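Work through the following exercises with the sequence and the model at hand. Each task is followed by a stepwise solution.

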Amino acid sequence: MKIRTLILNTFKEAVRGKIFLIILGFSIVLLVGSKVLVPLSLGEERRIIMNIGLGSISMFGILLAILIGSQLVYNELERKTIYFVLSKPVKRQTFIFGKFLGLLLTLLVVILILSCWFYFVLFWLTRLHPSVLLVAIFFSFLEIMIITGFSIFFSTFTSPTLSSIFTLFFFIIGRLAPDIQLLASKIKEPVSHFLLQIVYYIIPNLSNFNIRGKVVYAEPVGLNHILYSVSYALIYTIILLVLSCEIFRRKDL
Amino acid sequence: MGSESPDFGPIFYLSNDMHALEIVSLSKAYLSGFLKKVQALQEISLTIEEDEIFGFLGPNGAGKTTTLKIVTGLLKPTYGDVKILGAPLSQVNIRKQIGFLPEHPSYYNHLTGFEILDFAGGLCCIPGFERKKRIERLFDRVRLKEVRNVRVSEYSKGMIQRLGIAQALINNPELVILDEPLSGLDPIGRKELKDIIISLKDEGKTVFFSTHILADVEMICNRVGILHKGRLLKVGKLNDFLSDTKRNVIITFEFTGRVKPTLIQNVNPTAEGYLNVTIEKEKQNTIVKSLQNEGASIISIVPETITLEDFFVAEIKKDEN
Ligand SMILES: Nc1ncnc2c1ncn2[C@@H]1O[C@H](COP(=O)(O)OP(=O)(O)OP(=O)(O)O)[C@@H](O)[C@H]1O
Ligand SMILES: [Mg+2]
């Protein structure tokens, strides 16, 4: 009951904030983008719309995860609402998990709304509604979950600005993970090789979660790949959350 | 001997030797900046019995908030031990038995007063139906019924403070901890809140509250503790403190002779044209006699009233020397 109360409150806070502006922004970008680009696409309109749609769902999700996530814990400290919450019989871990799940619920709802709009635009312009795109959206959601974990992790010990920057940094190098591995394999010098390998194992390999190209070209996505990605995202996120709880538990408020 | 807790949390049987709050050798050092320490509390020991109203007095920066935050689990003590209703701080569920009003509280601006209390009730695991009933009763008690569905961001300072009292009472706590509950309230609000505090005691609850305003404790507290620079200077009944202190008497006299009285210094004229001198009570008889010998007629001898303020200032001065 405690965690449900925390989740719903976080959700309410986001919904009563300016989140709908983001949704509105997305809808306009998608619609205008598709309308403008489709005539230029010479028979490729399906792929163009799919790419724009899937890409922007992912981007808006990441953006929200970073913007809201990096403020979640900090705002409670700044506005002193934390004293009110944590003087109740609530463990600090429960608080962190409640905040995280509340934001995740918010992002899920936003992504569902965006996806509906995306399907509507796609169907309207091309009469297509391939369900395989949902798998790509689900994968984006997994990636967004990891990013949410990062932004909450950083926000337990830094300001929203720094937390956003760090999270953005991990997002970018996470997407470049295969390049880092490639680089590591090319470098012969042992120390640098070793260091790059370590970096590669620490950063999240977000390229796992990009199957947008695949689904747009109707390539199959293996069950193994799905299972692997889901477990990877869950484990990575849980590690981040456990670290966040450990930091937050020690904090003097 | 046991009184059953009416709450939905764990049931505690209160025995005779259990205290509402037991603080033993509590110390707290804040780390401020790099490796620099601020000793906010030094070896505080304090026991609060059930069913009393305890006033925690101290000037700004004395460490009142620090103590209360440790008791409510918001801060970790550097050293020492705290037991609430016999249970250690680490037992999170013991907080089902306490209600806390933070200093300068603020609540989620996106929620209405009702939603704040509903949220607080949820965190205390009070089932929905019971929660609604309690919320209605609390809104009556703190007189916020008309604004129950207004967002907290539109509340006045006094309303916020009253909402804070309501949220602290949502779980029907045994021990109510209030950090400067009377700050920001107008005289009527203060009176109402004092009445609420007294009624809490009548319901068998223990109230532990901090303040730096002495008039607040005078009327309502059974016992007070005086905190200064992180040390507990005195704990006890207010009346005992005041009767302990040496009292002076004020002698007012009229002097008609030409020669001024030689025996005493610090003679002040009064507004009525008499003279006034303040002396220690033991010297009263000698001084009166010699004044009369020199030709003065005594108008009145009254004990000097020591206000709590004077006492407080005296204690703190004593501590600083
Ligand atoms: N987070 C902190 N970091 C460093 N020092 C702190 C911190 N919080 C409080 N202090 C210091 O600890 C001491 C006690 O502060 P505390 O807030 O407990 O006092 P207080 O009695 O509540 O005062 P007031 O009446 O002003 O509320 C002060 O000297 C204060 O400067
Ligand atoms: Mg204080």
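A salt bridge is a side-chain nitrogen of Lys or Arg within 4 Å of a carboxyl oxygen of Asp or Glu. The model is predicted, so local features need pLDDT of at least 70 and side-chain atom pairs pLDDT 80 or more, while totals for chains, interfaces and linings use all residues. Residues are numbered from 1 along each chain as its sequence is written, chains are lettered from A and ligands numbered from 1 in written order, and side-chain values use heavy atoms, without hydrogens and water.

**Exercise 1.** Describe the interface of chain A and chain B.

Step 1. Contact (heavy atoms within 4.5 Å) joins 27 residues of chain A to 33 residues of chain B.

Step 2. The buried area, that is, the accessible area (1.4 Å probe) that two parts lose on being put together, summed over both, is about 2800 Å². Carbon and sulfur atoms give 60% of this area.

Step 3. The rule finds 3 salt bridges across the interface. A salt bridge also links the side chains of B:Lys28 and A:Asp252, at 2.5 Å from N to O.

**Exercise 2.** Identify the protein donors of the magnesium ion (ligand 2) and place them in chain B.

Step 1. Donors are N, O and S atoms within 2.8 Å of the metal (3.2 Å for Na, K and Ca); water is not among the atoms, so sites may look incomplete.

Step 2. B:Thr65 (OG1) and B:Glu103 (OE) lie 1.9 to 2.5 Å from the ion.

Step 3. B:Thr65 belongs to helix α1 (residues 64–71), whereas B:Glu103 is in the loop between β6 (98–101) and α2 (113–123), so the pair ties together parts 38 residues apart in sequence. Helices (H or I, at least four residues) and strands (E, at least two) are DSSP runs, numbered from the N terminus.
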